[in-house]
Amino acid sequence: MKKSIRVGAGLGFYGDAWEPVLASIERGGVQYIASDHLAELTLAILQKDVQRDASLGYARDVVPMLLRLWSAMQQRQVRFICNAGGLNPAGAAAAVRAAFAAKGWQARIAVVTGDEVLQTVADLAPAHMFTGASFDTVRERLVFANAYLGARPIVSALQQGADIVITGRVADAALFLAPLVFEFNWNLGDGADPATPADLNRLAQGLAVGHLLECSGQGSGGNFGSQEAWKAIPDLAHIGYPIAEVSEDGTAVITKATGTGGRINFDTVRQQLLYEVHNPNAYVSPDVVLDLSTVQLDDLGQDRVRLSGATGHPRTKQLKVVGGYRDGFKAEVTWGFSWPDAYDKALAAVEMVKSQLADKQVPHEALFIEFPGLNSAHGALAPLPEPQALADLNEVWVRVVLRTQVKAAADGFGRLFPWMGLSGPAYTCGFHGLHNTSELLGIWPALMDRALVEPHTRVEILQT
């Protein structure tokens, strides 16, 4: 009989729901949960935490999540892998360890480090990955830089008996590929034994599995965009996150826990397969380059879709790096107007704001204006209604965002508005966000030779 294992999706972003994860553990027969807490901009959010408290910098939802899941995990011997460490994996592991110790629980917690490359990036000064812009434009403002690690250090942690693995920045799908490499002894080709074409195809299958599971409920019918068809997705309030049942050859069946909402079918799986893919022929990861054009999806019915046929190509010599730099400040205010002439009132109020900015010579680079409910979702792709339809609107809300390099200018932006409550266009519906200055962090994607990163990765086991 062929060996197979079941890997369940955890979170898809920092703050996602973990109740569906518990359902996968209790009713999905999983041996592993892989949880992706780091969306592309999450490191910028965590950097702001670090600026307030150097002991932070990790996705803090990992502690209450594991406190909720551990009893069910321990009972069923389910292992947990996550990148919730963010900018401070050691801090995340220490927080989980302390929370478990307070409960008297025992677990082997692995912490993976080595993705932090701020000093190396400063020395190399890599150009912007997409625009080619010079690193010198951000050199003095760079506050973090992290490389996307692959599956190898996670595999090492599992080999050392870790019950829980906490990493920093790794490629999302690597969280799911790692347990497959560990359980099936797949060859990553990072030692003396180069990966063969068969090895690469298995890794590609594992990467495709990870890509299908990395976005939690989006892989099982959540956020489904097909016109009208989304209405047929059942019981989203109790959605089940996707589960992959994977065989030694990499062939997988995507499914979900019994009794959960959502839908696993050809269309929902296909949508997730193409999500965030720039080049279907070359989906690059640290472990393998995946060619999605050969993937075959077979809808087996009853929330089961077979995945097969992925083609793998050798990994690249470089790793992607995400850097973050200070990029000024923003302040925003939203307020509304009601019928009659709601839209015209909003336009008039915006002109009053512009006049004040000019009169007071407020330094700023941009003033962003949108009308929530009219054009904020799709911008220029969603033309405004005809003039008569605009004139007939019951209410209109307008959002105005100031971008500036001067914090005092952002701090004072909200003071331009309150007086309009009595002296501006009539029927003001109230202001939101009069005092909400926040620092902006820009993202600097770049490439770095993996030989400068991977030798410095470390796996430490903490025992509670």
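This report describes selected local features of the structure above.

The structure is a predicted model, in which local features need pLDDT of at least 70 and side-chain atom pairs count only at pLDDT 80 or more, while totals for chains, interfaces and linings use all residues. Residues are numbered from 1 along each chain as its sequence is written, and side-chain values use heavy atoms, with hydrogens and water left out.

**Helix H3**

Helices (H or I, at least four residues) and strands (E, at least two) are DSSP runs numbered from the N terminus. Helix H3 covers residues 62-76, and its end C-alpha atoms are 20 Å apart, which agrees with the 21 Å that its 15 residues should span at 1.5 Å a residue; the expected span is 1.5 Å times one less than the number of residues. H3 nevertheless has a kink of about 45° centred on Leu69, where the bend at a residue is the angle between axes fitted to the seven residues ending there and the seven starting there.

Burial is judged by relative accessible area with a 1.4 Å probe and protein chains only: buried means under 20%, exposed over 50%, and partly exposed in between. The buried residues of H3 are Val62, Val63, Met65, Leu66, Leu69, Trp70, Ala72 and Met73, and they pack against helix H1 (19-27), strand S2 (32-35), strand S3 (79-82), helix H4 (89-103) and strand S6 (164-166), a contact being heavy atoms within 4.5 Å. H3 is followed by Gln77, whose phi is positive, near 55°.

**Nonpolar cores and cysteines**

A nonpolar core is a set of buried Ala, Val, Leu, Ile, Met, Phe, Trp, Tyr and Cys residues joined through side-chain atoms within 4.5 Å. The largest one has 106 residues, and those with the most contacts inside it are Ile25, Phe80 and Val165. Apart from this core lies another, of 25 residues, among them Ala331, Ala346, Val400 and Met420. When residues up to four places away in sequence are not counted, Ile25 touches Val30, Ile33, Leu69, Ala72, Met73, Arg76 and Val78.

A search of the whole structure finds zero disulfides, a disulfide being a pair of cysteine sulfur atoms within 2.5 Å. The sulfur of Cys82 has its closest cysteine sulfur in Cys215, 16 Å away, which is too far for a bond. Cys82 is buried, with a relative accessible area of 0%, and Cys215 is also buried, at 16%.

**Strand pairing**

Two strands pair if DSSP finds at least two bridges between them. Strand S1 (residues 4-9) and S2 run parallel and are joined by three bridges, with Gly8 standing opposite Ile33 in S2. Both faces of S2 are covered, since Tyr32 and Ala34 on one side and Ile33 and Ser35 on the other are all buried.

Elsewhere, three strands form an open antiparallel sheet in the order S9-S10-S13, whose edge strands, S9 (283-284) and S13 (311-313), each pair on one side only. S9 and S10 (residues 289-291) pair over two bridges, and Leu290 in S10 is the bridge partner of Tyr283.

**Backbone features in loops**

The table places two residues, neither of them glycine, that have positive phi values.

| Residue | Phi | Loop between |
|---|---|---|
| Asn223 | near 60° | helix H8 (197-213) and strand S7 (242-247) |
| Asp303 | about 60° | strand S11 (296-299) and strand S12 (305-308) |

Asn223 counts as exposed, at 61% relative accessibility. A cis peptide bond, with omega about 5°, joins Trp339 and Pro340, and Pro340 lies in the loop between strand S14 (318-338) and helix H10 (342-359).
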